[in-house]
Amino acid sequence: MRIKFFRKKNFWSFLAVTGLLALIIACSTDIVSVDQPSEADAGSNLTVTVNCKIDAAGTNLGKTLVVGFLVPKSWNAAQHTSVFYTCIPMGANNEKMSLMPVSEKETTSQIPWADALMQDKRYALMGNIVNDMEWVVFRSTKTYDINSSITFEVKLVTKTGAQNMLVNLGYFVGNTSNGLEAPGNDKFHDGRYARLTVTNGTGDLIDFVNPQIAMMELAKATDNDIQTIFYDGDLVETPLSSESKIYLCAKAYTATGEVIERCGKTQDFAFKPTPGINKFRFDFWPRSFFGLHQNQSIQRMEYFLTDAANAKKIGYGGSTSDNEPFRFTFNCE
């Protein structure tokens, strides 16, 4: 008798879980709210709850839940994040999700899910302007059938990175069958973001959110990484706003206390203009640009942008003060 009871109990549990899996995948899917702290210490655990709903219409069979998480690359979130979903009315509580295999392609684009989200303008960077972010994607391990409307929650447990920063963390909910459908027909997936300030960490504050006149492409980099400085001449009116030629004047501070200054008006220091708009870029390899010896390393860098005559220069926020350069701290990892 005990064996029969056990089997019957598990049968109904199986039905309940199967029902939840169904619910999560059908019809219109929306993120209702994101419960995320606005501040966190560097290197600390961070728990976020994403509240969702599905408005069902008819029966939908055999679909798989997809959850995306947009984070700075420096967090290594794929290694430090666990995702769970819960729907108490259906008896599912903290069902753990697995990382989406790279081999599994998004339905519409036929490229890996993380790449598809990053290339979709509706999701991409979710309000961040520093392109040093990545989508980490998870999926349910079971498929679902659904025939009624439900609410459910997704819980993400992750670990913040070591750097101080201001960043928007992004969240996505969808399913594998519908994928990323075209705008206007995209009721099966939804995304939101929430802002987070990370403090008590290393380096200067990395601002992923607010427009900056000049900024490094890689928020976390060593002196051995190829780096790009982007300059937007129209963002704020400065003495350089009307200049068509922009040059770099920079100082590198080494781990052994040396200061190496590199300023000039040759092509080695010239920003490349973007045709038709007042934007420029400067691509460089720091170790080569500053002429480092094998046993030297750069801890941080300060720089100004100048005109061709060296009569005008700007630093952080467009300041012309010698005391307010743009700053960047290199990471040795």
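Buried means under 20% relative accessible area, exposed means over 50%, and partly exposed lies in between. The exercises below apply to a predicted model.

**Exercise 1. Classify E95 and K142 by accessibility, and state how their side chains interact.**

Step 1. K142 has a relative accessible area of 30%, so K142 is partly exposed.

Step 2. E95 has a relative accessible area of 18%, so E95 is buried.

Step 3. A salt bridge requires a side-chain nitrogen of Lys or Arg within 4 Å of a carboxyl oxygen of Asp or Glu. The side chains of E95 and K142 form such a bridge, at 3.5 Å from N to O.

Step 4. This pair connects distant parts of the chain, since E95 belongs to strand β7 (residues 92-96) and K142 to the loop between β9 (133-139) and β10 (144-146), 47 residues apart.

**Exercise 2. Describe the salt bridges of E104 with R139 and of D120 with R122, and place them among the salt bridges of the structure.**

Step 1. The structure holds 10 salt bridges.

Step 2. In one of them, the side chains of E104 and R139 meet at 2.1 Å, N to O. E104 lies in the loop between β8 (98-99) and α3 (113-119), while R139 is in strand β9, so the bridge ties together parts that are 35 residues apart in sequence.

Step 3. The relative accessibility of R139 is 25%, and R139 therefore counts as partly exposed.

Step 4. The side chains of D120 and R122 also meet in a salt bridge, with 2.7 Å from N to O. D120 is buried, at 12% relative accessible area, whereas R122 is partly exposed, at 28%.

Step 5. Salt bridges also link R300, E302 and R327 in a network.

**Exercise 3. Determine how many disulfides the structure contains and characterise the link of C249 and C263.**

Step 1. The criterion is a pair of cysteine sulfur atoms within 2.5 Å. By this rule the count is one disulfide.

Step 2. The disulfide joins C249 to C263, with an S to S distance of 1.8 Å. The angle about the S-S bond is 55°, and the link is right-handed.

Step 3. C249 is in strand β17 and C263 in strand β18; the two residues are 14 apart, and the pair links distant parts of the chain.

Step 4. C249 is buried, with a relative accessible area of 19%. C263, at 34% relative accessibility, counts as partly exposed.

Step 5. The loop between β17 (247-254) and β18 (259-263) contains G257. G257 has 60% relative accessibility and therefore counts as exposed. The C-alpha atoms of G257 and I298 are 9.4 Å from each other, although their positions lie 41 residues apart along the chain.

**Exercise 4. Explain why β15 and β19 stand at the edges of their sheet.**

Step 1. The sheet is open and has four strands in the order β15-β16-β20-β19, with antiparallel pairing.

Step 2. β15 (214-216) and β19 (272-273) each have a single partner strand, so one side of each lacks a neighbour in the sheet.

Step 3. Strands β16 (residues 227-232) and β20 (residues 279-284) pair in the antiparallel sense over six bridges. D232 has K279 in β20 as its bridge partner.

**Exercise 5. Identify what lines the largest pocket and the second largest pocket.**

Step 1. The largest pocket encloses about 550 Å³ of space. Its lining consists of 25 residues, of which D204, L205, I206, R327 and F328 are the closest to the centre.

Step 2. Two or more residues of this lining come from each of β12 (163-175), β14 (202-207), β15 and β23 (326-329). The most is given by β14, with six residues.

Step 3. The lining of the largest pocket comprises 15 nonpolar, seven polar and three charged residues.

Step 4. The second largest pocket has a volume of about 280 Å³. It is lined by 13 residues, and the closest to its centre are M215, F230, Y231, D232 and K279.

Step 5. For the second largest pocket, β16 and β20 are the elements that give two or more residues to the lining. By class, this lining has eight nonpolar, two polar and three charged residues.

Step 6. The solutions to Exercises 4 and 5 share two residues: D232 and K279 are bridge partners, and both are among the residues closest to the centre of the second largest pocket.

Conventions
Residues numbered from 1 in each chain as written. Predicted model: local features only at pLDDT ≥ 70, side-chain atom pairs only at ≥ 80, totals over all residues. Heavy atoms only, no water. Buried < 20%, exposed > 50% of the residue type's maximum accessible area, 1.4 Å probe, protein only. Pairing = 2+ DSSP bridges. 1 Å grid on protein atoms, 1.4 Å probe; cavity = no way out; pocket = protein on both sides within 12 Å on 5 of 7 lines; lining within 4 Å. Points joined across faces, edges and corners; volume = space filled by probe spheres on them. Nonpolar A, V, L, I, M, F, W, Y, C, P; charged D, E, K, R; others polar.
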